[in-house]
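Let's take a walk through a protein model and see how its pieces fit together. Have the structure open so you can find each part as we go.

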Amino acid sequence: IQGEKERLLANHIVVATNTPAPINDWFGIYTKQASYRSYVIGGSVPRGSVPDLLYWDTGDPYHYVRLEPGLDGSADDLLLIGGEDHKTGQTPPGAHPFKKLEEWGRERYPMLTRIRYRWSGQVQEPADGLAFLGRALTKGQEVFVITGDSGMGLTHGTIGAMLITDLIVGRSNPWQDLYDPSRKILNAEFVRENANTLAQYKDLLTGGQVSSVKEIAPGNGAILRDGVKKIAVYRDPTGKLHKHSALCTHLQCVVQWNPIEKSWDCPCHGSRFDPKGKVLMGPAVGDLGAG
């Protein structure tokens, strides 16, 4: 929007944002996919010591390995080791995903030397294993979505662009029914994930994680019960307290402190907020309210 009287208009909208924001009616998408945090480390290995292939296992949590040949002009390759996934906002107690990835990697790749990089990301896991590519679940007909990538965003970005282009220009596409966002899903994974989401709302009735802000160390956060309200309290490294409503601005689920990435994460639908309540990732579009 440029000024009060000028607006940018489009005949079609494509929402390709990992987690689609609630532009219109996205509730159906939320029930058919779940948000997971995934972790990656990158370490040096001697050039040519590991074949340039993509590996993954079938464990729970699972692991995957790929190689980035060449490393800053050195004689090393970069070995990427990922996995240790868990539902967003449901970090296992005492979790050390980067440490576990390194231990897993060193056991299988003894040539692994210095760990140079580590990061995490968020993936959307569809209940039936297929992405949602096509016309969105909205009241209108000209909004399209690409989501449910399950870590395969490069592949789905290409397929989604081809498929949605055909839908926009009125061409038939052989994949449109397969990836249709409105397709019905009712399997064990769908039931399990939605039962897990509903179970998170019990936190509206429970006590706080701490009984006093004095229990919160600098650089950490915790949920505090204040009468009928739950408050997300963060103590910054200087000791200053930052208090916000603990209710996610998407569908009012109680957020949880993420000690690994120092953020407030929603255990229901994967929204994330920084320590001071500013929204980082949807489906929420608003910051946490005042505490």
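## Salt bridges: the overall count

Let's start with charged side chains that meet. The count of salt bridges here comes to 12. Keep in mind that this is a predicted model, so everything below is computed from predicted atoms.

One pair to look up is Asp77 and Arg47, which form a salt bridge with their closest N and O atoms 2.9 Å apart. Asp77 sits in strand E5, while Arg47 belongs to the loop between E2 and strand E3 (55–56), so this pair ties together parts that are 30 residues apart in sequence. Are the two partners buried or exposed? Asp77 is buried, with a relative accessible area of 3%. Arg47 is partly exposed, with a relative accessible area of 47%.

## Strand E5 and its partners

Asp77 brings us to its strand. E5 covers residues 76–87, and 11 of its 12 residues are buried, so you can call the strand mostly covered because buried means under 20% relative accessible area.

Which strands pair with E5? Strand E2 (residues 33–46) is one of them, and the two pair in the antiparallel sense over 10 bridges. To find a spot along this pairing, look for Ile41, which stands opposite Ile81 in E5. Strand E4 (residues 63–68) also runs antiparallel to E5, and 6 bridges join the two. Here you can pick out Glu68, whose bridge partner in E5 is Leu78.

A bit of background helps: strands of a sheet pair through backbone hydrogen bonds, and they can do so in a parallel or an antiparallel way.

## Salt bridges around helix H2

Now back to charged pairs. The side chains of Glu102 and Arg106 meet in a salt bridge, at 2.9 Å from N to O. Both residues lie in helix H2 (residues 97–108), and they are 4 residues apart, which is about one turn of the helix. Glu102 counts as partly exposed at 27% relative accessibility, and Arg106 is also partly exposed, at 32%.

Another pair is Arg108 and Glu107, whose side chains meet in a salt bridge of 3.6 Å, N to O. Arg108 counts as partly exposed at 42% relative accessibility, whereas Glu107 is exposed, with a relative accessible area of 62%. Elsewhere, salt bridges that share partners join Arg37, Glu261, Asp265 and Arg272 into one network.

## Helix H3 and its buried face

Next, find helix H3 (residues 153–169). This helix has 17 residues and reaches 23 Å from its first C-alpha to its last, close to the 24 Å expected at 1.5 Å a residue.

Which residues of H3 are buried? They are His156, Ile159, Gly160, Leu163, Ile164, Asp166 and Leu167. If you look down the axis of H3, these buried residues fall within an arc of 150 degrees, so they line one face of the helix. Try turning the model until you are looking along that axis. On the other side of H3, you'll find Leu154 and Val169 exposed.

What covers the buried residues of H3? The cover includes strand E1 (13–18), strand E7 (132–135) and strand E8 (143–147). Just after the helix comes Gly170, which takes a positive phi of about 85 degrees.

## A three-stranded sheet

Further along the chain, 3 strands form an open sheet in the order E9-E10-E11, with antiparallel pairing. Strand E9 (220–226) and strand E11 (241–245) stand at the edges, and each has a single partner strand, so one side of each is left without a neighbour in the sheet. Neighbouring strands of this sheet are turned by 30 degrees against each other on average, direction ignored.

Zoom in on strand E10 (residues 229–235), which is joined to E11 by 5 bridges, the two running antiparallel. A handy spot to check is Tyr234, which stands opposite His242 in E11.

## A buried glutamate

One last stop is Glu193, found in helix H4 (residues 188–199). Is Glu193 buried or exposed? At 7% relative accessibility, Glu193 counts as buried. What does Glu193 touch? Leaving out residues up to four places away in sequence, Glu193 touches Ala34, Tyr36 and Lys87.

Notes: Residues are numbered from 1 along each chain as its sequence is written. This is a predicted model: local features need pLDDT of at least 70, side-chain atom pairs count only at pLDDT 80 or more; totals for chains, interfaces and linings use all residues. Side-chain values use heavy atoms; hydrogens and water are left out. Two strands pair if DSSP finds at least two bridges between them. Axes are lines fitted to C-alpha atoms, for helices over the stretch in contact, and angles run from 0 to 180 degrees between N-to-C directions. The expected span of a helix is 1.5 Å times one less than its number of residues. Buried means under 20% relative accessible area, exposed over 50%, partly exposed in between (1.4 Å probe, protein chains only). The arc is that of the directions from the helix axis to the C-beta atoms. Contact means heavy atoms within 4.5 Å. A salt bridge is a side-chain nitrogen of Lys or Arg within 4 Å of a carboxyl oxygen of Asp or Glu.
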